[in-house]
Amino acid sequence: VWRMLAMPLETLAGRADEYAAHLQAAGIPATVVPATSTVGGGSLPGETLPTHAVALATARPDALAAALRRGVPPVVARIADGQLLLDPRTVAPAEDAALLAAVVAAWQ
């Protein structure tokens, strides 16, 4: 958790760019957008950190979010402004490939 909280914004931007490029190559409309990560609930209510997220444009973001949660591995994403957001701050770098494979599988 501490590594995720301390991850530099530039590192997050680079990972988000890599996510978007991979997903675009798979035919998924993905763009990098500025966003905020919520730090915590009970321990740090209302605290946020800047991040770079990947927005997936889909007509049914709720359905995609549900498919991602049912996948292996399960992926928890959030919906903002009608788009599904993936926040690299919430994913360990070693899990990036599994996340991207899960998104591609859920998209189809």
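A residue counts as buried when its relative accessible area is under 20%, as exposed when that area is over 50%, and as partly exposed in between. Keep that in mind for the views below, which all come from a predicted model.

**Figure 1. The whole chain, with its four helices and four strands.** Start at the N terminus and you'll meet the elements in the order α-α-β-β-α-β-β-α. The chain has 108 residues, and buried ones make up 35% of them. Its exposed surface comes to about 6200 Å², with carbon and sulfur atoms supplying 59% of that. Now think about who touches whom: if you take the contacts between residues at least 6 apart in sequence, 61% of them join residues at least 24 apart.

**Figure 2. Helix α2 meets helix α4.** Here you're looking at residues 9-25 (α2) and residues 96-107 (α4), whose axes come within 11 Å and cross at roughly 35°. The crossing is right-handed. On the α2 side, the contact is made by R15, Y19, H22 and L23, while α4 brings in D96, L99, L100, V103 and V104. Sort these contact residues by type and you get six nonpolar, one polar and two charged.

**Figure 3. A closer look at D96 in helix α4.** D96 has a relative accessibility of 12%, so it counts as buried, the cut-off being under 20%. Leaving out residues up to four places away in sequence, D96 touches R15, Y19 and V91. Two of those names should ring a bell: R15 and Y19 are also among the α2 residues in the helix contact of the previous view.

**Figure 4. T51 and its neighbours in strand β2.** Strand β2 covers residues 48-56, and T51 sits within that stretch. T51 is buried because its relative accessible area is just 3%, and the cut-off is under 20%. What does the side chain of T51 pair up with? It joins the side chain of D87 through a polar contact of 2.9 Å. D87 has company, too: setting aside residues up to four places away in sequence, T51 touches L9, L12, V33, P34, A35, T36, S37, D87 and R89.

**Figure 5. E47, in the loop between β1 and β2.** Strand β1 spans 30-38, and the loop holding E47 lies between that strand and β2. Is E47 buried or partly exposed? With a relative accessible area of 42%, E47 is partly exposed, because that value falls between the 20% and 50% cut-offs. Look across to S37, and you'll find its C-alpha atom 8.5 Å from that of E47, although the two residues are 10 apart along the chain. S37 also turned up in the view of T51, as one of the residues that T51 touches.

**Figure 6. A26, in the loop between α2 and β1.** A26 has 40% relative accessibility, so it counts as partly exposed, again between the 20% and 50% cut-offs. Its partner in this view is V104, which is 78 residues away in sequence. In space, though, the C-alpha atoms of A26 and V104 are 7.1 Å apart. You've met V104 before, as one of the α4 residues in the contact with α2.

**Figure 7. The buried residues of helix α3.** Helix α3 runs over residues 61-70, and its buried residues are P61, L64, A65, A66 and L68. Which elements do they pack against? They pack against strands β2, β3 (78-80) and β4 (83-86), and against helix α4 as well.

Definitions and conventions. Residues numbered from 1 in each chain as written. Predicted model: local features only at pLDDT ≥ 70, side-chain atom pairs only at ≥ 80, totals over all residues. Heavy atoms only, no water. Axes fitted to C-alpha atoms, helices over the stretch in contact; angles between N-to-C directions. Helix = DSSP H or I, 4+ residues; strand = E, 2+ residues; numbered from the N terminus. Left-handed = near helix turned anticlockwise from the far one by under 90°. Contact = heavy atoms within 4.5 Å. Nonpolar A, V, L, I, M, F, W, Y, C, P; charged D, E, K, R; others polar. Buried < 20%, exposed > 50% of the residue type's maximum accessible area, 1.4 Å probe, protein only. Polar contact = N/O pair within 3.5 Å; in protein donor to acceptor, adjacent residues only side chain to side chain. Areas by Shrake-Rupley, 256 points an atom, 1.4 Å probe, with all protein chains shown as cover.
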